[in-house]
Amino acid sequence: MAEVADLTGDGGVLKTVVRKAKDDAIAPTDSLPLVDDTTVHYEGTLAENGEVFDTTHEDNSIFSFEIGQGAVIKAWDIALRTMKKVGEVAKITCKPEYAYGSAGSPPEIPPNATLIFEVELVACRPRKGSSLGSVSDEKARLEELKKQRELAAATKEEEKKKREEAKAAAAARVQAKLDAKKGKGKGKGK
């Protein structure tokens with residue numbers, strides 16, 4: 001089972017690595033010491049009931065922001081700094097004080113809600129003024145990540161379709177058994 005890291009020491013932001021990045025993935029280096037400009041793919045759910053309140057998966061979009069600038073909830077500023085390589089997927093659990101607090105974010109997020117995000121680090125760019133090697137290599141890498149996301153989405157859709165077909169087949173079997181029992185019951189009374 002994956003290890004849960006308490007990033008704040010008070011249980012306010014918990015991180016579990018769901019999928020480690022490939023060994024050759026881009027990671028912080030001397031020329032990229034901190035990931036400031038970040039691009040992610042994510043899904044956010046309410047811990048209380050598992051309801052999805054926001055996702056980039058439905059339209060296969062991505063979300064970009066600069067870490068530490070207040071553009072995202074506090075939990076994201078904390079947790080995304082710990083994501084080590086492009087391709088890493090992490091589950092981030094955020095207590096209300098590190099998310100939207102007592103105000104919530106109506107209508108999707110109620111007051112004092114604990115949130116769970118599954119976040120994939122899609123790209124990281126160095127601070128302004130730093131360089132990141134070849135631009136064409138970066139474009140090729142991003143294109144490959146896009147293909148991987150599309151393949152994963154197609155696989156997920158195919159699995160969903162198979163589950164629905166299996167569910168329908170099971171329902172049909174149950175209905176056939178019920179119909180058979182009804183047919184047998186009619187003849188006994190005569």
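Residues are called buried under 20% relative accessible area, exposed over 50%, and partly exposed in between, with a 1.4 Å probe and protein chains only. The structure is a predicted model, in which local features need pLDDT of at least 70 and side-chain atom pairs count only at pLDDT 80 or more, while totals for chains, interfaces and linings use all residues. Residues are numbered from 1 along each chain as its sequence is written, and side-chain values use heavy atoms, with hydrogens and water left out.

The chain contains two helices and seven strands, where helices (H or I, at least four residues) and strands (E, at least two) are DSSP runs numbered from the N terminus. Along the sequence, these elements follow the pattern β-β-β-β-β-α-β-β-α. Of the 190 residues in the chain, 32% are buried.

Attention turns next to the aromatic rings. Rings of Phe, Tyr and Trp (its six-membered ring) are paired if their centres lie within 6.5 Å; planes under 30 degrees apart count as stacked, over 60 as edge-to-face and the rest as tilted. Six aromatic pairs are found in the whole structure. In one of them, tyrosine 42 and phenylalanine 63 meet edge-to-face, at 6.1 Å centre to centre and 70° between the planes. Tyrosine 42 belongs to strand E3 (residues 37-46) and phenylalanine 63 to strand E5 (residues 63-66), so this pair ties together parts 21 residues apart in sequence. Tyrosine 42 is buried, at 8% relative accessible area, whereas phenylalanine 63 is partly exposed, at 29%.

Phenylalanine 63 also forms an edge-to-face pair with tryptophan 76, at 6.1 Å centre to centre and 70° between the planes. Here strand E5, which holds phenylalanine 63, is linked to helix H1 (residues 74-80), which holds tryptophan 76; the two residues are 13 apart. Tryptophan 76 is buried because its relative accessible area is 3%. Ring pairs join Tyr42, Phe53, Phe63, Trp76 and Phe117 into a cluster.

The surface offers a feature of another kind. Glu157, Glu158, Glu159, Glu164 and Glu165 gather there in a patch of negative charge. Patches are made of residues with over 30% relative accessible area and no salt bridge, with like charges joined within 9 Å and nonpolar side chains (Val, Leu, Ile, Met, Phe, Trp, Tyr) within 5 Å. A salt bridge is a side-chain nitrogen of Lys or Arg within 4 Å of a carboxyl oxygen of Asp or Glu. Glutamate 157 sits in helix H2 (residues 135-188) and is partly exposed, at 49% relative accessibility.

Conventions:
Areas by Shrake-Rupley, 256 points an atom, 1.4 Å probe, with all protein chains shown as cover. Lys, Arg positive; Asp, Glu negative; His and termini not counted. Charge placed at Lys NZ, Arg CZ, Asp CG, Glu CD.
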